[in-house]
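Open the model in your viewer and keep the sequence panel beside it. We will go from stop to stop, with something to select at each one.

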Amino acid sequence: MRDIDYLRPSTWISYSRADCQKCHGDCCRLPVEVSHSDLVRMDLATAEELEWDERVVIKRLKKNHIIRLYDQKNKIATLTQMADSRCLFLDEKGRCKIYEKRPNTCRKFPEVGPRPDYCPFKAKLV
């Protein structure tokens, strides 16, 4: 069996939706970029707030450790990750707490990402 490393896309396997049910979710350890529309869908900001003064919103989200970086030119934020690199929106079982509101980066994975149509699949140890 190949040694798969979520930080090295060259080690990833071809994506198969069927694998998601038996995966331990290393894709949820990748940095997640979010747009203004993602922040609104995730109920982290309103469209009016972002239109009025995005700097205030970004400052609040950084202070609350929700985002760690913000590219003002492209209006893209990067979500903060937990100490073990997992997404801050995962519960203790590794399931997404905001699945219905998740960012487009997550919705479109693995169509988009470091290696389109590949994923860092590793089977759960039972």
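Begin by selecting Lys-75, which is partly exposed because its relative accessible area is 37%. This is a predicted model, so please read everything on the tour as a description of a prediction. Lys-75 sits in the loop between strand 3 and strand 4. Check its backbone: phi is positive, about 55°, although Lys-75 is not a glycine. Most residues other than glycine have a negative phi.

**The sheet on either side**

From that loop, select residues 76-79, which make up strand 4, and look at its partner: strand 3 and strand 4 pair in the antiparallel sense over 4 bridges. To see how the two strands line up, show Asp-71 and Ile-76 together; Asp-71 stands opposite Ile-76 in strand 4. Now widen the selection to the whole sheet. It is an open sheet of 3 strands in the order 2-4-3, with antiparallel pairing. Its edges are strand 2 (33-34) and strand 3 (67-71), each of which pairs on one side only.

**A second positive phi, and a cis bond**

Next, jump to Asp-117, in the loop between helix 3 and strand 5. What sign does phi have at Asp-117? It is positive, at about 70°, and Asp-117 is not a glycine either. Asp-117 counts as partly exposed because its relative accessibility is 47%.

Stay in this loop and select Pro-110, which is also found between helix 3 and strand 5 (118-119). Zoom in on the peptide bond that joins Phe-109 and Pro-110: it is cis, with omega at about 5°. For context, most peptide bonds are trans.

**The largest pocket**

Turn on a surface and find the largest pocket, which holds about 1,200 Å³ of space. Which residues should you select to land closest to its centre? Try Cys-20, Cys-27, Cys-28, Tyr-99 and Cys-106, the closest of the 42 residues that line the pocket. Then colour the lining by class: 24 residues are nonpolar, 6 polar and 12 charged. Helix 3 (residues 104-107) gives the largest share of this lining, with 3 residues.

**Three salt bridges**

Side chains of opposite charge can pair when their charged atoms come close. The count for this model comes to 9 salt bridges, and here are three to visit.

- Select Asp-84 and Arg-86, whose closest N and O atoms are 2.8 Å apart in a salt bridge. Asp-84 is partly exposed, at 34% relative accessible area, and Arg-86 is partly exposed too, at 21%.
- Select Arg-55 and Asp-53, whose side chains meet in a salt bridge at 3.3 Å, N to O. Arg-55 is exposed, with a relative accessible area of 59%, whereas Asp-53 is buried, at 19%. Asp-53 falls in the buried class because the cut-off is under 20%.
- Select Glu-49 and Arg-60, which form a salt bridge with the closest N and O atoms 3.6 Å apart. Glu-49 counts as partly exposed at 30%, and Arg-60 is partly exposed at 32%.

**Last stop**

Finally, select Thr-11, in the segment before strand 1 (13-14). Is Thr-11 buried or exposed? It is buried, because its relative accessible area is 7%. Draw a distance from its side chain to the backbone oxygen of Arg-8, and you should find 2.7 Å.

Methods. Residues are numbered from 1 along each chain as its sequence is written. This is a predicted model: local features need pLDDT of at least 70, side-chain atom pairs count only at pLDDT 80 or more; totals for chains, interfaces and linings use all residues. Side-chain values use heavy atoms; hydrogens and water are left out. Two strands pair if DSSP finds at least two bridges between them. Buried means under 20% relative accessible area, exposed over 50%, partly exposed in between (1.4 Å probe, protein chains only). A polar contact is a pair of N or O atoms within 3.5 Å; within protein, one must be able to donate a hydrogen and the other to accept it, and residues adjacent in sequence count only if both atoms are side-chain atoms. On a 1 Å grid over the protein atoms alone, a cavity is a set of points where a 1.4 Å probe fits but cannot get out, and a pocket is an open set with protein on both sides within 12 Å along at least five of seven lines; lining residues have an atom within 4 Å of a point. Grid points are joined across faces, edges and corners, and a volume is the space filled by probe spheres set on the points. Ala, Val, Leu, Ile, Met, Phe, Trp, Tyr, Cys and Pro count as nonpolar, Asp, Glu, Lys and Arg as charged, and the others, Gly among them, as polar. A salt bridge is a side-chain nitrogen of Lys or Arg within 4 Å of a carboxyl oxygen of Asp or Glu.
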